[in-house]
Amino acid sequence: GFLVFSLSGCGCSKATTSSLGLRLEIWGVNDDEDNYGEVFKNYTNLNPKVKEIVYRKFSPDTYKQELLDALATGNGPDIFMINNTWEPSFRNKIAPAPATVISEKMFRDNFVDFASDAFIVQGKIQAVPLSVDSLALYYNKDLFAEAGIANPPKTWDELISLIPRLTQVDSSGKIIKSAIAMGTAYNINRSTDILGMLMLQNKTVMEEEDGTVVLFGSSNEGTLTAQKALKFYTDFSNGYSTLYTWNPLMHYSIDAFSEGNVGMMLNYSWHIPTVRNKSPKLNFTVAPVPQFEDSPKVDFGNCFGYVVALNKKPEIIGAEVGSVTIPDERRIEETWNFLKYLTLGVNGGTTTTDFDPATEYLKITGKPAARKDLIEMQSGIYELGVFANQNLIAKSWKQINPEATEAIMGEMIDNVNRGKFVISEAIETAVAQINQVIKK
């Protein structure tokens, strides 16, 4: 249940504002309550208006639906996490930050561009992140050493030159060792993110600004850049291509890599522990994702941001004389004050006090930072620094229905793999299907 607050200045209560007694509830995924323990304690000491802050962790599989159900009845949390791709579909359910709490300039000065692209809409701050993650190149140091390869590839051309050195095929033509997990839809973790990255590296215009129409186009070349990206991606599993090193029969990419049968895979930082747990002895590390020569450097990012719920049903607890419900505006402002503290520290920007909540959180979780000053701090840390630095070039694109979009893009890849469509037809079909879903 939610507390109600005595509030001065409304002519209905003698209580002072300092005794607001606000209780904030946060919902999220991938975080445990103890990631925030110190931060919550510090804030309730600093700000007497907030009496208590609680965090509830949900399973990623059911979180979105449970959240939507709770928000629909007004019984949701004060603060909840949304993925960057969800922003368009949650826009009417969240209260942007008052400009007096976090201005657009403050946000852009402190956070990576990826966060600004994801969470600033018409100058309004919709969400604030603590961490951003981006893809990196995982590679097996033992397989590289056996093949006489000293360094990970920096460009796609360099990577292509390694394919014959890392791929092993038996007498029946079956792949025993693969150079890289790329080319298919369903046995590669985050395959549609990898394809999205290739599209962005090829300067594809993914969608109209608000995400309402998907284009997969480019200003002067139609869908050629998207076609180039899809062809490049699927060639890794095309038996007639010189890039052939993977196919739908291989083990799931994370398992195949953990088993030591794949030289490289592209993935986010949170799978480093996954691989280490599956295979403690595997000798691997990470490097920046390869880039196309003479193209702008682009990585693909993913993050969760904290938002403030627009509608919340207050419950009256007890019937003390003079207890009142807190005006929405006031609730929103106080909640955003806390989020500013959580992500930007006491001074709203590079902090000079001893305790910076974001630094504390990143230390506990080992996640890559969303704030530019903390990326500098992380950039020298083994492995983590790779992801942190890549956050500076990370991009993504707005999706009205991310689940359907991912399914359609997966099908697009699979249609090419199975020879059902040529590249151009596969893209046209996918664009039409995604736009159909968006209109619903």
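Here is a chat about how some labels in this predicted model are earned.

User: Before the details, what is the protein made of, in helices and strands?

Analyst: There are 17 helices and 17 strands. The protein has 440 residues, and 56% of them are buried.

User: What makes E104 and R108 a salt bridge?

Analyst: Their side chains come to 2.9 Å, N to O. The cut-off is within 4 Å, so the pair counts as a salt bridge. As for where they sit, E104 and R108 are four residues apart in helix α4 (residues 104-110), so about one helical turn separates them.

User: And why are E104 and R108 called partly exposed?

Analyst: Buried means under 20% relative accessible area and exposed means over 50%, with partly exposed in between. E104 has 31% and R108 has 37%, so both land in that middle band.

User: How do you know that K105 and D109 form a salt bridge?

Analyst: Check the closest N and O atoms: they are 2.5 Å apart. That is within 4 Å, so K105 and D109 qualify. They too are four residues apart in helix α4, about one helical turn.

User: Is K105 buried or exposed, and why?

Analyst: Exposed: K105 has a relative accessible area of 57%, and the label needs over 50%, so K105 earns it. Its partner D109 stands at 43%, so D109 is called partly exposed.

User: What about R331 and D328: what makes them a salt bridge?

Analyst: Their side chains meet at 3.1 Å, N to O, and since the limit is 4 Å, they pass. R331 and D328 are three residues apart in helix α12, again about one helical turn. Here the labels go like this: R331 has 4% relative accessible area, under the 20% limit, so R331 is buried. D328, at 36%, is partly exposed.

User: How many salt bridges are there by this rule?

Analyst: The count comes to 22. Some link up into a network, with R23, E25, E52 and R56 as its members.

User: How many aromatic pairs are there?

Analyst: There are 23 aromatic pairs. One of them is Y43 with Y341, a tilted pair.

User: Why is the pair of Y43 and Y341 called tilted?

Analyst: The centres are 5.0 Å apart and the planes make 40 degrees. Centres within 6.5 Å make a pair, and an angle that is neither under 30 nor over 60 degrees is tilted, so the label fits. This pair links distant parts of the chain: Y43 is in helix α1, Y341 in helix α12, and they are 298 residues apart. Y43 has 5% relative accessibility and Y341 has 4%; both values are under 20%, so both residues count as buried.

User: And what makes Y268 and W270 stacked?

Analyst: Their planes are 15 degrees apart, with 4.8 Å centre to centre. Stacked means under 30 degrees, so the pair gets that name. Y268 is buried at 0%, whereas W270 is partly exposed at 42%.

User: How do you know that K93 lies over the face of F90?

Analyst: K93 is 5.7 Å from the ring centre. The distance part of the rule asks for within 6 Å, so K93 meets it. F90 also belongs to an aromatic cluster, along with W27, F58, Y63, F80, W86 and F304.

User: Last one: which residues of helix α13 are buried, and what covers them?

Analyst: In α13 (residues 357-365), the buried ones are P357, A358, T359, E360, Y361 and L362. Their cover includes α1 (37-46), β16 (304-308), α12 (328-344) and α14 (372-378). Just after α13, G366 has a positive phi of about 65 degrees.

Terms used
Residues are numbered from 1 along each chain as its sequence is written. This is a predicted model: local features need pLDDT of at least 70, side-chain atom pairs count only at pLDDT 80 or more; totals for chains, interfaces and linings use all residues. Side-chain values use heavy atoms; hydrogens and water are left out. Buried means under 20% relative accessible area, exposed over 50%, partly exposed in between (1.4 Å probe, protein chains only). Helices (H or I, at least four residues) and strands (E, at least two) are DSSP runs, numbered from the N terminus. Contact means heavy atoms within 4.5 Å. Rings of Phe, Tyr and Trp (its six-membered ring) pair if their centres lie within 6.5 Å; planes under 30 degrees apart count as stacked, over 60 as edge-to-face and the rest as tilted. A charge sits over a ring if NZ of Lys or CZ of Arg is within 6 Å of the ring centre and within 35 degrees of the ring normal.
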